[in-house]
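Work through the following exercises with the sequence and the structure side by side. Try each task before reading its solution.

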Amino acid sequence: MDTAPLKPLSLHQKWQFGLDIGGMEVAAFQKCPLPKMTFDEVEFNQAGSIFPQKAAGRVKFTDITIEKGVFQEEADMYIIDWIKKCISMDPVNHTGGFVSEYQKDIDIIQYDRKGAEIKRWRLYGSYIKEADFGELEGGSSDNTIESMTISYQYFEIV
């Protein structure tokens with residue numbers, strides 16, 4: 001049987017991507033890891049077997065930390081409002097906001113060199129776990145880099 005060598009369908013560079021939060025494309029970030037999942041390993045010793053049996057256990061989705069390059073117009077306030085919804089609580093009455101008020105679906109979108117969408121990862125039930133607004137330094141010419149850590153329930157490639 002004569003077979004031709006396998007060729008990749010396409011190669012994509014990783015530098016052109018965007019973030020869509022709840023339907024609003026908010027920023028051109030400079031760094032964004034892709035979603036990751038890991039499974040706990042369940043190991044048990046079956047009677048009569050000298051080798052342990054293994055199975056997949058609970059699945060965990062790793063938080064992602066995105067580093068900001070440039071927010072789109074009006075996106076700064078959109079993010080601040082989202083943060084306020086995440087922390088909306090009444091310490092006097094020991095109550096907090098409803099999950100449905102602050103969880104959003106986030107899309108990480110990868111583009112090709114011409115700006116056409118290649119792939120989209122959708123993170124369901126996302127919320128801001130940590131917001132870091134960078135640091136200021138009088139003797140530096142560097143841009144301020146802000147970062148957010150996003151926690152999510154699960155993801156899929158759409």
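**Exercise 1.** Find the strand that holds valine 59, and decide whether this residue is buried, exposed or partly exposed.

*Solution.* In this predicted model, valine 59 has its place in strand β4, which covers residues 53–61. The next step is to look at the relative accessibility of valine 59, which is 37%, so the residue counts as partly exposed, given that this class lies between the cut-offs of 20% and 50%. Finally, valine 59 joins Met37 and Phe39 in a nonpolar patch on the surface, and together these residues have about 270 Å² of accessible area.

**Exercise 2.** Explain which parts of the chain are tied together by the salt bridges of lysine 60 with aspartate 40 and of lysine 54 with glutamate 41.

*Solution.* Begin with the total, since a search of the whole structure finds six salt bridges. In one of them, the side chains of lysine 60 and aspartate 40 meet at 3.4 Å, taken from N to O. Because lysine 60 lies in strand β4 and aspartate 40 in strand β3 (residues 37–44), this pair ties together parts that are 20 residues apart in sequence. Lysine 60 counts as partly exposed at 47% relative accessibility, and aspartate 40 counts as partly exposed at 31%. Now turn to lysine 54 in strand β4 and glutamate 41 in strand β3, a pair that ties together parts 13 residues apart in sequence. Their side chains meet in a salt bridge at 4.0 Å, N to O, and both lysine 54 and glutamate 41 are exposed.

**Exercise 3.** Describe the salt bridge between aspartate 107 and arginine 120, and work out why aspartate 20 has no salt bridge.

*Solution.* First, the side chains of aspartate 107 and arginine 120 meet in a salt bridge of 2.6 Å, N to O. This pair links distant parts of the chain, with aspartate 107 in strand β9 and arginine 120 in strand β10, 13 residues apart. Aspartate 107 is buried, with a relative accessible area of 5%, and arginine 120 is buried as well, with a relative accessible area of 16%. Both residues belong to a network of salt bridges that links Asp107, Glu117, Arg120 and Arg122. Next, consider aspartate 20, which is found in strand β1 (residues 17–21). Aspartate 20 is buried, and the nearest side chain of opposite charge, arginine 120, is 4.4 Å away. A salt bridge needs the charged atoms to be within 4 Å, so aspartate 20 has none. Among the residues that aspartate 20 touches are Asp107 and Arg120.

**Exercise 4.** Which residues of the largest nonpolar core touch the most other members, and which element gives the most to this core?

*Solution.* Of the 21 residues in the largest nonpolar core, Ile64, Ile66, Ile79 and Ile150 touch the most other members. The elements that each supply at least two residues are β1, β5, α1, β9, β10 and β11, and α1 gives the most, with four residues. As an example of a member's surroundings, isoleucine 66 touches residues including Leu19, Phe29, Met148 and Ile150. In soluble globular proteins, nonpolar side chains tend to be buried together.

**Exercise 5.** How many helices and strands does the protein have, and what share of its residues is buried?

*Solution.* The secondary structure comes to two helices and twelve strands. Of the 158 residues in the protein, 25% are buried.

How values were computed:
Residues numbered from 1 in each chain as written. Predicted model: local features only at pLDDT ≥ 70, side-chain atom pairs only at ≥ 80, totals over all residues. Heavy atoms only, no water. Buried < 20%, exposed > 50% of the residue type's maximum accessible area, 1.4 Å probe, protein only. Lys, Arg positive; Asp, Glu negative; His and termini not counted. Contact = heavy atoms within 4.5 Å. Patch = residues over 30% accessible without salt bridge, like charges linked within 9 Å, V, L, I, M, F, W, Y side chains within 5 Å. Areas by Shrake-Rupley, 256 points an atom, 1.4 Å probe, with all protein chains shown as cover. Core = buried A, V, L, I, M, F, W, Y, C linked by side-chain atoms within 4.5 Å. Lists of a residue's contacts leave out its neighbours within four places in sequence.
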